[in-house]
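Reader: Please show me the sequence and the model, and then let us go through some questions about how the side chains and helices are arranged.

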Amino acid sequence: MNPPKKRNKRKQIPLRLDPAVHDAIAKWAADDLRSVNAQIEMILRQALKERGRLPKEVKPIAKPGRPPADPRK
């Protein structure tokens, strides 16, 4: 029997923030054309990278903004 395949599923976690911190992150996210969730992930990744703790297998974060148009249309 084969071992189960490892899924690339994103983890969901509850997060409690001070309202002022959330507002600051939301403004920053809007300035960068990201969602608050994507902005928090970007901040965490940056902190991990600066401290040499970002795992090598982590895929790059998506660039901000709209995805490119579907060339098939």
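The questions and answers below deal with helix packing, salt bridges and the surface.

Author: This is a predicted model, in which local features need pLDDT of at least 70 and side-chain atom pairs count only at pLDDT 80 or more, while totals for chains, interfaces and linings use all residues. Residues are numbered from 1 along each chain as its sequence is written, and side-chain values use heavy atoms, with hydrogens and water left out.

Reader: How are α1 and α2 oriented to each other: roughly parallel, roughly antiparallel, oblique or roughly perpendicular?

Author: Helices here are DSSP runs (H or I, at least four residues) numbered from the N terminus, and axes are lines fitted to C-alpha atoms over the stretch in contact, with angles from 0 to 180 degrees between N-to-C directions. The axes of α1 and α2 (residues 36–50) are 9 Å apart and make an angle of about 95°. Angles under 35 degrees count as roughly parallel, over 145 as roughly antiparallel, 65 to 115 as roughly perpendicular and the rest as oblique. The pair α1 and α2 is therefore roughly perpendicular.

Reader: Is Arg 45 buried or exposed?

Author: Arg 45 is placed in helix α2, and, leaving aside neighbours within four places in sequence, its contacts (heavy atoms within 4.5 Å) are Leu 54, Val 58, Lys 59, Pro 60 and Ile 61. Buried means under 20% relative accessible area, exposed over 50% and partly exposed in between, with a 1.4 Å probe and protein chains only. Because its relative accessibility is 17%, Arg 45 counts as buried.

Reader: Which residues are linked with Arg 45 in a network of salt bridges?

Author: A salt bridge is a side-chain nitrogen of Lys or Arg within 4 Å of a carboxyl oxygen of Asp or Glu. Glu 41 and Arg 45 form such a bridge at 2.9 Å, N to O, and they are separated by about one helical turn because they are 4 residues apart in helix α2. The network that contains Arg 45 also links Arg 10 and Glu 41.

Reader: Is Asp 31, which forms a salt bridge with Lys 27, buried or exposed?

Author: In the salt bridge of Asp 31 with Lys 27, the closest N and O atoms are 3.4 Å apart. Both residues lie in helix α1, 4 residues apart, about one turn of the helix. Lys 27 has a relative accessible area of 54% and is exposed; at 53% relative accessibility, Asp 31 also counts as exposed.

Methods. Helices (H or I, at least four residues) and strands (E, at least two) are DSSP runs, numbered from the N terminus.
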